[in-house]
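Let's take a walk through this one together. Have a look at the sequence and the model first, and then we'll go from the overall picture down to the rings.

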Amino acid sequence: MNIYLFWILFLALWAIVPLMIIKGRVDESPKIKTSPEVKAKKKGWFQ
């Protein structure tokens, strides 16, 4: 394998992985529920 190709791929991997982690964290945080959840009454022995 060409050593230049190896270093290009290696450095690209180290650049992409943190971006994916940051992107995943940003996507998880702004979950604002517009409508309140209606909790159904539990029908059973333990209410």
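A residue counts as buried when its relative accessible area is under 20%, as exposed when that area is over 50%, and as partly exposed in between. Keep those cut-offs handy, and keep in mind that what you're looking at is a predicted model. By that yardstick, 0% of the protein's 47 residues count as buried.

How many helices and strands does the protein have? Its secondary structure comes to one helix and zero strands. The accessible surface adds up to about 5500 Å², and carbon and sulfur atoms own 70% of that.

Now for the nonpolar side of things. A nonpolar surface patch of about 1200 Å² is built from I3, Y4, F6, W7, I8, F10, L11, L13, W14, V17 and I21. One of its members, F10, sits in helix α1, which covers residues 3-28.

The aromatics in that patch deserve a slower look. There are four aromatic pairs in the structure. Take F6 and W7: their ring centres are 5.4 Å apart and their planes meet at 75°, so this pair is edge-to-face. The cut-off behind that label is an angle over 60 degrees, whereas planes under 30 degrees apart count as stacked. F6 also pairs with F10, and here the arrangement is stacked, with 6.0 Å from centre to centre and 20° between the planes. Where do F6 and F10 lie relative to each other along the chain? Both belong to helix α1 and are four residues apart, about one turn of the helix.

Are these rings buried, exposed or partly exposed? F6 has a relative accessibility of 36%, so F6 counts as partly exposed. W7 comes in at 44%, which means W7 is partly exposed as well. F10, at 33%, is likewise partly exposed because that value falls between the two cut-offs.

Step back and the rings join up: F6, W7, F10 and W14 form one aromatic cluster. Those four residues are also among the members of the nonpolar surface patch. So as you turn the model, you can trace the cluster within that patch, on a protein where 0% of the residues count as buried.

Notes
Residues are numbered from 1 along each chain as its sequence is written. This is a predicted model: local features need pLDDT of at least 70, side-chain atom pairs count only at pLDDT 80 or more; totals for chains, interfaces and linings use all residues. Side-chain values use heavy atoms; hydrogens and water are left out. Patches are made of residues with over 30% relative accessible area and no salt bridge: like charges are joined within 9 Å, nonpolar side chains (Val, Leu, Ile, Met, Phe, Trp, Tyr) within 5 Å. Accessible areas come from the Shrake-Rupley method with a 1.4 Å probe; for residues, only the protein chains shown count as cover. A salt bridge is a side-chain nitrogen of Lys or Arg within 4 Å of a carboxyl oxygen of Asp or Glu. Helices (H or I, at least four residues) and strands (E, at least two) are DSSP runs, numbered from the N terminus. Rings of Phe, Tyr and Trp (its six-membered ring) pair if their centres lie within 6.5 Å; planes under 30 degrees apart count as stacked, over 60 as edge-to-face and the rest as tilted. Buried means under 20% relative accessible area, exposed over 50%, partly exposed in between (1.4 Å probe, protein chains only).
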